[in-house]
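Notebook open, model loaded. I'll jot things down as I look them up.

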Amino acid sequence: MANNNIGPKRLVVGAHYGLKDWLAQRITAIVMAVYTIVLLLAFLTGSNFSYDGWAGLFAQQWFKMMTFVVFVALFYHAWVGVRDIWMDYVKSVSVRLALQVATILWLIACAGWAVQILWRV
Amino acid sequence: MSEAVKEVAKSDRPQFRNIHVTQLANYRLPLAGLVSILHRISGLFMFLLLPFILFLLDRSLTSESTFEYFRILTSGWFIKLVILALSWSYLHHFCAGVRHLVMDMHIGLDKDAARQSSVVVLAVSLVLAVLVALKLFGAF
């Protein structure tokens, strides 16, 4: 296939804009939905509603990793959704760009916080 | 004749604009539209309260003493209301999201089916939210 991404013949229109984010939003949603069900099952089948029971669940490495993946999915999902909101309602390009940058920085910061919470248990 | 056509086109061309914010209260949204805007509002609400959610998770996991703090904090009625609002947001967002995924597979796209599924989304998420409320405020 010819390289259409450079020079005067660069592809500037097409049906692919947004497809990646649309798909990412669906996939991250499924990841979070599955995790919700796992967490609910763990909660409903567990009888130890104390700190030991709760922290014990998060102390397991597989649960930490799964929770981390879900957090990353959550932040990507939130980025797509919040970006849609800024694009729909904020007409000024400069304000919109500022809000989008702030959203990304904020979500990255939250990802760092989530890692700190998870790996401190 | 061509001039007459031009004049009509200039003066009588209808303009379609989005409704103004002040008209929102009088606008009767179809149920599918209600589910849609609630999907957006619940998503934004959870995004804005993200630091609160992470804070609660942090307090509940860090140590036994912070867990005790978490228990006391979440026993207040205002915090319980916030948690209930977050729970309903999550439940609605979840159900409306599943509806989206089903519609992505070209199921239930026509007007009647979309209305029916929007009723299901509202009903299921509200019933589950009521269960959460009863649990939160100690009915069982």
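What pattern does chain B follow, read along the sequence? I read it off as α-α-α-α-α-α. The tally for chain B is six helices and zero strands. Note to self: this is a predicted model.

**Overall form of chain B.** I looked up the radius of gyration next: it is 23 Å for chain B, while the globule rule gives 14 Å for 140 residues, so the chain is more spread out than a compact globule. I then checked the box along the principal axes, and the C-alpha atoms of chain B fill roughly 85 × 30 × 25 Å.

**Burial and contacts.** I get 16% of the 140 residues in chain B as buried. For contacts in chain B with a separation of 6 or more, I find that 70% come from residues 24 or more positions apart.

**Across the chains.** I picked one helix pair to go through: helix 1 of chain A (residues 19-45) and helix 5 of chain B (residues 77-104). They pack at an angle of about 130°, and their axes are 11 Å apart. I put helix 1 of chain A down as oblique to helix 5 of chain B because of that angle. I also noted the handedness: the crossing of these two helices is left-handed.

Which residues in helix 1 of chain A meet helix 5 of chain B? I listed Arg26(A), Ala29(A), Ala33(A) and Thr36(A). Facing them from helix 5 of chain B, I have Phe94(B), Gly97(B), Leu101(B) and Asp104(B). Sorted by character, the residues of this contact come out as four nonpolar, two polar and two charged.

Notes
Residues numbered from 1 in each chain as written. Chains lettered and ligands numbered in written order. Predicted model: local features only at pLDDT ≥ 70, side-chain atom pairs only at ≥ 80, totals over all residues. Axes fitted to C-alpha atoms, helices over the stretch in contact; angles between N-to-C directions. Helix = DSSP H or I, 4+ residues; strand = E, 2+ residues; numbered from the N terminus. Parallel < 35°, antiparallel > 145°, perpendicular 65-115°, else oblique. Left-handed = near helix turned anticlockwise from the far one by under 90°. Contact = placed C-beta atoms within 7 Å. Nonpolar A, V, L, I, M, F, W, Y, C, P; charged D, E, K, R; others polar. Rg over C-alpha atoms; globule rule 2.2 N^0.38 Å. Buried ≥ 20, exposed ≤ 12 C-beta atoms within 10 Å, placed from the backbone.
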